[in-house]
Amino acid sequence: MKLVHEQSRQLLHHMCKEILISEVEGRVKGCVYQAIFRSIKEGVFEFVHDVVKANPDLLWSKDGNLRNIFSYAVLCRQAKIFSLIYGLDAKNNIAYDRDNSGNNMLHMAGMPPVSIMLNRIPGAALQMQRELQWFKEVESIVLPKIKKVENIDGMTPRELFTKNHKDLMKEGEIWMKDTATSCTVVAALILTIMFAAAFTVPGGNNQDTGLPIFFNKKLFRLFIVSDALSLFSSASSVLMFMGILTSRYAEGDFFKSLPKKMIIGLSTLFFSIATMMIAFSAGLLLMLGEESSMVIPVISLASIPVTLFVLMQFPLLVDMYISTYGPGIFNRKMEQWL
């Protein structure tokens, strides 16, 4: 694969030389423009970068609908290719460019993507968040007047975005509520168990003093601390998920508010599960004492359902955290490349 990649780069280098000395008619016959837009749709960054860098005139290439390469990159949701615009001085002119339907670059961000890039994101809520990230990113680089420009249908970019993302927003609401509901059940169950365990301590209480029999043992302190942490974290988790269920689900809530609540809810839920297992292990060691050889298999069996839950839900937490607080999908530090 490395050899094929290297040979492809060499072939591309020779193609760039031929494109540089060819006339416009030759580029059309040679399907140069078609190849550029096909590469954008497929996300082939190296081809687009090298070809346009070899001949900057191709920066103004347009497809059959009069869309330039950056507008088409937005439509295809190709973040790496779109990031090339940060290295250009003429990005304002490019952003103002309009297609044959009167749509500028910000209108493209309001349209549903033509590629399958969005389908690679798990969950409708995260997909809606990614669409908002695209719209806000393009909005941040265009001039204020471009935000109010209407296409031939009389729609501004924001109006077009709202119209085209109604179904996705509804799907995101259902996905959020279903996830929050299922997690609330688990968190409430842990909350109930840990509350009861705090008053039914291992070994019982001393009849004379009322204090737990194992009060002075380190394992008992570990049990109490773990039980308390599990109780408080599960209560916090329930509150976060309740906040999700009672949210207004406005368009902008999918950008930060709802993902933030879901991240906090899942994080506290995982923490409550972990501390619950610690409390369970400490309680077993206190009760069994010398029969500690029985503890390991019992703990192992008890941890199976907990482990399965974590394996199913932890990837969701990671994806949501990266999408919300990660480095971002755009490279704003793109250096001048033309």
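**Figure 1. Two domains make up the assignment for this predicted model.** Domain 1 covers residues 9-167. Domain 2 covers residues 173-324. Their centres, taken over C-alpha atoms, are separated by 46 Å.

**Figure 2. Domain 1 and domain 2 bury area against each other.** On the domain 1 side, 14 residues make contact. They meet 10 residues of domain 2. The buried area comes to about 1100 Å². Carbon and sulfur atoms give 65% of that area. Three residues stand out on the domain 1 side: Ala125, Leu126 and Gln129. Together they supply 44% of the area that domain 1 buries against domain 2. No other three residues supply more. The size of an interface is often given in this way, as the accessible area lost when the parts come together.

**Figure 3. The largest pocket lies between the two domains.** Domain 1 and domain 2 both give residues to its lining, so the pocket lies between them. Its volume is about 400 Å³. Rolling a probe the size of a water molecule over the atoms shows where such empty space is left.

**Figure 4. The lining of the largest pocket has 20 residues.** Nearest the centre of the pocket lie Gln133, Ile322, Ser323, Gly328 and Ile329. Two elements give two or more residues each to this lining: helix H9 (124-141) and helix H14 (295-325). H9 gives the largest share, 6 residues. By class, the lining is mixed, with 8 nonpolar, 6 polar and 6 charged residues.

**Figure 5. Arginine 130 sits in helix H9.** What does arginine 130 touch, leaving aside its neighbours within four places in sequence? Its contacts are Leu118, Ile121, Ser323 and Ile329. Two of these names, Ser323 and Ile329, also appear among the residues nearest the centre of the largest pocket. Methionine 105 is 25 residues from arginine 130 along the chain. The C-alpha atoms of arginine 130 and methionine 105 are separated by 17 Å.

**Figure 6. Four spans carry the UniProt annotation "transmembrane region".** The annotation comes from an unreviewed entry. It covers residues 179-199, 219-242, 263-288 and 294-318. How far apart are the end C-alpha atoms of residues 219-242? They lie 34 Å apart, and the span is 100% helix and 0% strand. For residues 263-288, the end C-alpha atoms lie 38 Å apart. That span, too, is 100% helix and 0% strand.

Technical notes: Residues numbered from 1 in each chain as written. Predicted model: local features only at pLDDT ≥ 70, side-chain atom pairs only at ≥ 80, totals over all residues. Heavy atoms only, no water. 1 Å grid on protein atoms, 1.4 Å probe; cavity = no way out; pocket = protein on both sides within 12 Å on 5 of 7 lines; lining within 4 Å. Points joined across faces, edges and corners; volume = space filled by probe spheres on them. Helix = DSSP H or I, 4+ residues; strand = E, 2+ residues; numbered from the N terminus. Nonpolar A, V, L, I, M, F, W, Y, C, P; charged D, E, K, R; others polar. Domains from an automatic or database assignment. UniProt positions renumbered as here; feature names shortened; annotations may be inferred. Contact = heavy atoms within 4.5 Å. Buried area = accessible area lost by both parts, 1.4 Å probe.
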